[in-house]
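Load the model in your viewer and keep the selection box open. The tour goes stop by stop, with residues to pick at each one.

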Amino acid sequence: MKNHKNIIAALILILAIAGCKKYEQFPVDKVGIDKIFDSRDSAGVNAQHYLYGIYSILKNGQNRVGGDYLDVASDDAISSASGPTNASTVLATASYNSYTIPNEENLWGTYYAGIRQANEFVNNIGVVPVLAKYNGYSQKFVWKSEARFLRAMFYFELVKRYGGVPLMGNKVYTITDDISLPRNTFDDCIKYIVSECDAIKDSLLVYPLALPAAKEADSHRPTKGSALALKAKVLLYAASPLFNGGNIDAANPLTGYTSFDANRWTAAAAACKAVMDLNTYSLLSNYKDIFITQYNPEIIFFRQGGNGNGVETTNGPVGFTGATGKGQTSPTQQLVDAFPMANGLAITDPASGYDPNNPYNSRDPRLTYNIIYNGAQWLNTSIQTFEGGQSKPNTTLQQTKTGYYMRKFMGNFESTNAYSSHSTDWVILRYADIVLGYAEALNESAGATPGVYNAVIKIRQRAGIAAGSGQYGLKAGMTRAEMRVIIQNERRAEFAFEESRYWDIRRWKIAETVMNQPRTGVSIVKVGSSLNYNPINVLTTKFDSPKMYLYPIPYDEVQKNPNMKQNPGW
C-alpha cells in the first residue's frame, strides 16, 4: 500500500479528467474535508462533485495503453506504431518485470487511490443533510452505495491482475498507522466483492431511468443491474480454470483457490441468470450501434467518454485526405479467421462454403462490424489494403501491418465522405457478456443443455447468423468440450477490442498456447484483376507460463512492506 502523507484524500487527488461530461472538476486543493462534506449543504453539491471524482478513476479503454487498445497485447491485434517499446508490445512480448511493467497496466496505486477516495466518501457522507430521496432511500445513501459499487469495481480490477490483495474495509489510514498489510486470500477478495454487490443492489438506481432528463443526468451511474452484473462477472472469473483448479501455485491461497469446486460454476450461472431475470436489459438489434448509441438497453454500465471522432482519426484507414486516419490498430489474421461464415459454421468446416480466394464473402456480419478489410465499404470507397493500394501505400506513413484495420467503436461512415462526432462512451458491462457468461457457466456446470444452446443462439441471432434449421450453425448434441470451444470463440468474435480477449485467454489458461506463436496477417498482391492472399508473420509474441498469468506486485510495494508477498515467478 502507498504511504499516503495526508489523511484527506480530497487534498491529494484530482477529481476530474478532461473530456468527460459529468466528471466535473472541483478545486479540492482549496478546501478542507469539512467543506466537501458540509453539514449545511442540504443539496450535497460538494459531496456529489467528490463522488464524480471517484468515477473519473474508471478507465476509458479507447486506445488507453500507450495509444493502443489493451487487446493489442493479446492474439487479436498488434500495434501499427513502430518500435518494441510500445506499451502494448511490451505486454505482448513478455518484456517486463515488477519494476518495468507499463504504467497503463501498473494500476495498483491507481485503484488503491480510488478505494481510499471511496472510503473517504463512505465514512463522511453521513454528515451531509441531503433532503432528496430516491425509491424510499435518502439520496446520500444512494450515493454511498455508488461509492461502494465503484470500490468493488476497483477491487475486481486489482484481483484479476494480481490475485488476492489487501482488503481495506472502510479504513482510511493516516501517516501514523502501520500500513504493512498482508494480502488477503483470493477467496476473501471474491467474497468481499460479492457481499458488497449484494448489500448495495437494492439501494442503487433502477434501470430504465424514468425520464429523458434523468437519463442525461444519471445515465453514467450504476444501477441494481450493474451491481448484479458485476457480481456475475466476478463469480465467472472466480470459477474459471486459472483460479478454480488451475491455480498457478496450487497450495497458495493468494493466487487462487487451492482446490477445484464445480459449484463455483453453478454460482456464476445463477448470478448471470439473476441479471437476465430482471427483464430490463436486452440485446440491441444492431450490433455496431451498441457503442455509439447512448441509453440503449444492452448497456449495463459505462464510463462516459464524450462526443467526438477520435476513434476514427486514431484507428481509421490511411489514404483519405478529407477523413484523416492513422491506422493505429492492426487486427490479426487469427482474429479474422475466428469469425464464422454467415451460416454459423467455422471457416475450417468443409461444409461452411468458405472460399480462400474470396475470404470475406458470406461471413458472420460481425466481421464487417469489427474489421475493415480489403474491399470493405468505408467513406464511400471500396477499401484497398492490397500491396500499394490506397490504404496500404507501403510508404513511411503509419499504416496497417496486417492488411486489416479496426472498425469497431466507429460511427456509420460507410457512405459518408468525412467523419463527424458521435458518442465515444466506454462500455464496461453489457448484456451480451451476461448472456455468454451464463452459457459458459451453465455449460461447465451442467453440460451443453438446451439453456446453453438458447443463450448462444440469442447472440448469433442478433449478430445476423442465418437460422438454418433453427440452430444457427450449432451442431446438435455437442459435448461440454465441444460447446466450450464454441463459446470461447463466440466471445472472441462478440467482444473484440473490448478488453475481453486479453483477460479471457488468461482466465481460461490458454495464453501459454495462443501467445507463444507468431501473430499473423495477410499480404494481398493484385495481379491484373486477381488478388493473391499470402499469410505473413507480423510479430513474435511471448508468454512466460505460469508467472505471466498474474501480474507482479509492484516492486516498490514489496520493498517497503515486509508482509507483502510477491506473486510466483516474479
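**Stop 1: the largest pocket**

This is a predicted model. Start with the lining of the largest pocket, whose residues divide into 12 nonpolar, seven polar and 10 charged. The lining has 29 residues in total. To centre the view, select Ala346, Thr348, Val485, Ile486 and Asn489, which lie nearest the pocket's centre. The volume here is about 810 Å³. Now colour helix 11 (333-338) and helix 15 (480-494), the elements that give two or more residues to this lining. Which element gives the largest share? Helix 15 does, with seven residues.

**Stop 2: Glu494**

Stay on helix 15 and select Glu494, which has its place in this helix. Is Glu494 buried or exposed? Glu494 has a relative accessible area of 0%, under the 20% cut-off, so the residue counts as buried. Next, show what surrounds Glu494. Leaving aside neighbours within four places in sequence, Glu494 is in contact with Tyr287, Glu298, Arg366, Lys408 and Arg430, among others. The contact list also includes Ala432, Leu436, Ile459 and Arg462. Keep Arg430 highlighted for the next stop.

**Stop 3: strand 4 and strand 12**

Select residues 426-430, which make up strand 12. Add strand 4 (residues 299-303). These two strands pair in the antiparallel sense, over four bridges. Arg430 reappears here: in strand 12, Arg430 is the bridge partner of Ile299. Turn on a surface and look for strand 4. It is mostly covered, with five of its five residues buried.

**Stop 4: the second largest pocket**

Keep strand 4 selected. This strand supplies the largest share of the lining of the second largest pocket, four residues. The pocket has a volume of about 260 Å³. Its lining counts 22 residues. Pick Tyr207, Ser219, Tyr295, Ile299 and Phe302 to find the ones nearest the centre. Ile299 is also the residue bridged to Arg430. By class, this lining has 13 nonpolar, six polar and three charged residues.

**Stop 5: the largest cavity**

Go back to strand 12 and move on to the enclosed spaces. How many cavities of 30 Å³ or more are there? The count comes to six. The largest cavity has a volume of about 370 Å³. Select Glu157, Lys160, Trp426, Ile428 and Glu499, the closest to its centre among the 24 lining residues. Then colour helix 5, helix 8 (224-239) and strand 12, the elements that give two or more residues to this lining. Helix 5 contributes the largest share, six residues. The lining divides into 12 nonpolar, two polar and 10 charged residues.

**Stop 6: an aromatic pair**

Follow helix 5 (residues 139-162) to Tyr162. Show the rings: the model has 34 aromatic pairs. In one of them, Tyr162 and Tyr551 meet edge-to-face, at 6.2 Å centre to centre and 75 degrees between the planes. Tyr551 lies in the loop between strand 14 (530-539) and helix 18 (555-560), so the pair ties together parts that are 389 residues apart in sequence. Check the accessibility of each partner. Tyr162 is buried at a relative accessible area of 1%, and Tyr551 counts as buried at 1% too. Now widen the selection to Tyr96, Trp108, Tyr112, Tyr155, Tyr162, Tyr192, Tyr502, Trp503, Tyr551 and Trp570, which form one aromatic cluster.

**Stop 7: a hairpin**

From the loop at Tyr551, step back to strand 14. Add strand 13 (residues 519-527), which pairs with strand 14 in the antiparallel sense over nine bridges. To trace one bridge, select Arg519 and its partner in strand 14, Leu539. The two strands form a hairpin with two residues between them. Zoom in on Gly528 in the turn, where phi is positive at about 65 degrees.

**Stop 8: Gly308**

Finish at Gly308, in strand 5 (residues 307-308). Gly308 counts as buried, at 15% relative accessibility. Draw a distance to His422: the C-alpha atoms of the two are separated by 5.4 Å, though the residues are 114 apart along the chain. Beyond neighbours within four places in sequence, Gly308 is in contact with Ser420, Ser421, His422 and Thr424.

Definitions and conventions. Residues numbered from 1 in each chain as written. Predicted model: local features only at pLDDT ≥ 70, side-chain atom pairs only at ≥ 80, totals over all residues. Heavy atoms only, no water. Buried < 20%, exposed > 50% of the residue type's maximum accessible area, 1.4 Å probe, protein only. Pairing = 2+ DSSP bridges. 1 Å grid on protein atoms, 1.4 Å probe; cavity = no way out; pocket = protein on both sides within 12 Å on 5 of 7 lines; lining within 4 Å. Points joined across faces, edges and corners; volume = space filled by probe spheres on them. Nonpolar A, V, L, I, M, F, W, Y, C, P; charged D, E, K, R; others polar. Contact = heavy atoms within 4.5 Å. Phe/Tyr/Trp six-rings, centres within 6.5 Å; stacked < 30°, edge-to-face > 60°.
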